[in-house]
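Open the model in your viewer and keep the sequence panel beside it. The tour goes from one selection to the next and says what is found at each stop.

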Amino acid sequence: MRQATITRRATAAALAGILAGVPVTTSCEAYGQQAAGDGTYTLKIQSDIVLTNVVVRDKKTGAIVKGLKASDFTILENGKPQAISSFDFQTVDEAVALNENATVSGKSASIADLVNGNFAADPKQLKDHRLIVMFFDLSSMQPEDIDRAVESATDYINKKMQPADLVALVSMSTALSMDQDFTADKAALLRGVGRYNGTEGTGFANGNEGGNSGGTSDDSSSFTADDSEYNALNTDRELYAIRTIAKSLERVDQRKSLLYFSGGLTRQGIENQASMRAATNAAVRANMAIYSVDSRGLQALPPVGDASKGSLRGTAAYSGGAMQSQLDTNFGSQEVLATLSSDTGGKAFFDSNDFGPVFQQIQRDTEAYYILGYRSSNTARDGSYRRLTVKLNRNDAKLEYRPGYYAPADFQHQKTEDRELALTEQMRSDLPATDVALYLQALYFRLADNRFFIPVSLIVPGSQIPFVKNGDRDKATIDVIGQIKNAQGIIVGNARDTIKLALDQTQQVQRKNIQYSTGFTLAPGRYHLKFVVRENETGRMGSFETDLQVPDLKKIPLKLSSIVLASQQTPNTAKKATNPLIRDGVEWIPNVPHVFRQDQHLYLLYEVYDPTRQKADSTAPAPSPGLNRRPAGAVKVLTNIEFLSGGVKVYETPLVEADAVNIPDREAVAFQFDVPLSQLKPGVYICQVNVIDDAGGSFSFPRLALRIQAPAAAPQTVSTATGQ
C-alpha cells in the first residue's frame, strides 16, 4: 500500500537509556528529603549495584580455584578501588537435581511470562545451575541452517547435557515466542527443538511459525510484534528480541548464557547502532553472556554467486569485485554477532559446521564462578563506559571477567541515538506516557474523490515545559513523533519534528499553550493515530492516541467538511499549499480546547462539497480531473451561525447564501465567518452551524461546545512556524 503523503507545520502556541550496563538490586543514593507532618524527614535513596562474574583458574592446570573470600579480591573501576558489598560463589557441583517432568516455574510456558518478567518464576531453584537460553532466530536462517542448528542442539541434549544444566527455548519468526521455560526435562527439550525444523510432529501450523509451540492458537497471553513494530526507524527486531529476553531475566542474579543461532545480522545505520548498544547493555544488566553461532556454517562463495542470486552483469565476476562484495557482506553480517558476544562476555563461533564447541564453551565458562558486587564511588549518571579491573592476592591464578560496563545515564547525558530510540520505544509501547499533558484534534477536508487532507493539532500547556532563561528569552526544545495506522495495522503516515522555542520573558510562558500542527493525506476509512511529545530539559513524555474515521462522503446527502474554530490567523505565503487551512496568504490556527477570550474574534471555516446545481450552465468551469464530472449550473447553499446558552439562542449571525462553487478544483463551496466575542458574556455556549443545500433539499446542523472567558482568565496562544 502506498504510504500517505505528509505536510508538516509546527505552530508553537508558545509551541510549545537505556540504563546502561549494570544489574540493579537495591536503591541507595540520596537525592532528596521530604518533611512529614510530625516534623520528621524521609530521606529518599537510590543507587545501582554493579555485579561482575569472575572465573578463577589455576595457571598451570586450568582447574577452578575454589574457597576464595571477598577479601582475596580487589576491584578497580577506571583505576579506582571499590568496596565489595556482595559476594557469592556458584558451582555446578552443588546443583540439586530437579524434577525432570516440570519446568522451573512449575507451569506451562507462555510468552506473557517472558514479557511480564515471570520467566523462571522461582529464582531459588536456579542456584548452582547453568542457565542456558537457546534462541533460534528462524527469521534469519535458511531451512538447511535450521537443520544444522537443530541437529547440534539435539546432539547436546542427548549426549552432553549435564544434570546441572537448565535450558530454555525461545524462537522468533513472525513473532517472538518462549517455547520452553528453564527445565532439565530432555524429552520436553527434544520436542521443542524438533518443532523448529518439523522433525517433531507436524512442525509449526500455518501462520504460527515461531509462535506458541505445538501450533496452538494465539490468545491474550501471546506477544506478537510484526515487522513494522520491530523495524521502526531501522531498529533491528532481532536486537529488540534480545533486549526483551534479557529484561525478563534481570532479577535472576546467576550468570545466564544466551546461545544465539542466527543466519547473520547486518548493520543498517545509526539506529541499528543505538539498538545494538541497548541490547548489549540490557544483556550486561541481566548478567547474560551471548554466545553467537553463525548457523550458515562453513560457506563456499563462488565468484559468480550461487543459485540464490541473480546472474551478474558486467565485469565484476572477473575483476574480483563481486567476490570482494560477497566477502564484505558476509563479514558485515558476522560483525554484529561478534560485537554482541564480545561486549557481553561471551564468544562467537563462525565458519564451522560443527556447533559442538559452543556448548562445551558455555559449560566450561559456567562451571564455577564468583559473583562480586559493589556500589560505584562514581555517582555520575553520564552513560560513560567504565573499565573494570579485578585482581587477586595471589599470583598462581588467572582471572576471566567482563572488561567493563556502561554507567546509568539520565536524560541530559543520553546520546542522540539513545534519545531517538527512547522516543521510538514510547511510540511502540502500549503503556501511555502521562508525565506531560497532551491534547489532540484531527479534522478532515476533501482534496479529491478518494483523498482527504487530515490536519492534526496537538496542544501542550506551557506550564508543562521547563523553559530555560537565556538573556531576555525563554528557550526550550520539544520532540514530536507521530504515526498513523490503517485498519490492518499498517503504518501509512509518520511525523517527526524537533521544535525550538524562544519567547520573550514578558510573554508569561506559563500561561501559553504550546501547539503543534501537521497533516496527513488519507483515503476514506478507519485509522489509529498516536503522537508522543517529549520536552528535552528533563526528558518527560506525554502521549495521545485515538481512532480516526475518514468518512466516505459519497454516501452522505450533504457533504460537509470538519468545522474549524480558530482565534488566530497567521501569515503563510506557501505556494501551492495542499493544506485547506491556508488560503489567501493566511493560515488558520485551530483552537483545540475551544476556549476563547472576550477580546478575541471567533473565526469559523468549513466547506460543502458537490452542492446540488439548479440548472445547466454552459459557461460554468469544468470540474477538476481528479473529481467525477458533475452537471454545470447554479448552486444555492444557505448557512449561518447560532450561539445557544441554556438551550436559548442568544446570538445569531446574518444568513449567508452561496450561489457558486468558489473552489472549483475541489468542487467546494467554502464559508468563512468572523464573529467578535465582545458581545457575548463569559460562559459556556453551544455553537450551532446551520447548513442548507436549498437546491438539493439536504441540510446539516452540527454543534460544537465552546467557552468564553474574561480577557485575563483564558490562556493565550503565540504562533511560530517551523516549515511547510
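At what relative accessibility does Arg 540 stand, and does that count as buried, partly exposed or exposed? Select Arg 540: its relative accessibility is 29%, so it counts as partly exposed. Now add Glu 535, which forms a salt bridge with Arg 540, the closest N and O atoms being 3.3 Å apart. Glu 535 is buried, with a relative accessible area of 1%. Note that this is a predicted model.

**The whole chain**

Zoom out and colour by secondary structure. The protein chain has ten helices and 40 strands. It is 724 residues long, and 51% of them count as buried. Switch on the surface: its accessible area comes to about 32500 Å², with 49% belonging to carbon and sulfur atoms.

**Helix H3**

Select residues 186-197, which make up helix H3. With twelve residues at 1.5 Å a residue, H3 should span 16 Å, and the 18 Å between its end C-alpha atoms agrees with that. Next, show the side chains at the N-terminal end, where Asp 185 acts as a cap. A side-chain oxygen of Asp 185 lies 3.1 Å from the backbone nitrogen of Ala 187. Past the other end, click Gly 198, which follows H3 and has a positive phi, near 80°.

Which residues of H3 are buried? Highlight Ala 188, Leu 189, Gly 192, Val 193, Gly 194 and Tyr 196. To see what covers these buried residues, display strand E8 (130-137), helix H2 (143-160), strand E9 (165-172) and strand E10 (176-183), which are among the covering elements.

**Helix H10 and its charged residues**

Move to residues 416-428, helix H10. The 13 residues of H10 should span 18 Å at 1.5 Å a residue; the end C-alpha atoms are 19 Å apart, which agrees. Eleven of those 13 residues are buried, so H10 is largely enclosed by the rest of the structure. The buried set includes Leu 421, Leu 423 and Met 427, and also charged residues such as Asp 418, Arg 419, Glu 420 and Glu 425.

Side chains of opposite charge can pair when their charged atoms come close. Select Glu 425 together with Arg 243: the two form a salt bridge, with 2.3 Å between the closest N and O atoms. Glu 425 lies in H10 and Arg 243 in helix H5 (residues 237-248), so the pair ties together parts that are 182 residues apart in sequence. Both Glu 425 and Arg 243 are buried.

Stay on H10 and pick Glu 420, one of its buried residues. Add Asp 479, Arg 496 and Arg 534 to the selection; with Glu 420 they are linked in a network of salt bridges.

**Another buried pair**

The structure holds 23 salt bridges. For one more, select Arg 296 and Asp 294, whose closest N and O atoms are 2.9 Å apart. Both residues of this pair, Arg 296 and Asp 294, are buried.

**A nonpolar patch on the surface**

For the last stop, turn the surface back on and select Ile 692, Phe 699 and Phe 701. These three form a nonpolar patch on the surface, with about 290 Å² of accessible area together. Where does Ile 692 sit? Ile 692 is in strand E37, which covers residues 683-693. With a relative accessibility of 32%, Ile 692 counts as partly exposed.

Technical notes
Residues numbered from 1 in each chain as written. Predicted model: local features only at pLDDT ≥ 70, side-chain atom pairs only at ≥ 80, totals over all residues. Heavy atoms only, no water. Patch = residues over 30% accessible without salt bridge, like charges linked within 9 Å, V, L, I, M, F, W, Y side chains within 5 Å. Areas by Shrake-Rupley, 256 points an atom, 1.4 Å probe, with all protein chains shown as cover. Salt bridge = Lys/Arg side-chain N within 4 Å of Asp/Glu carboxyl O. Helix = DSSP H or I, 4+ residues; strand = E, 2+ residues; numbered from the N terminus. Buried < 20%, exposed > 50% of the residue type's maximum accessible area, 1.4 Å probe, protein only. Expected span 1.5 Å × (residues − 1). Contact = heavy atoms within 4.5 Å. Polar contact = N/O pair within 3.5 Å; in protein donor to acceptor, adjacent residues only side chain to side chain.
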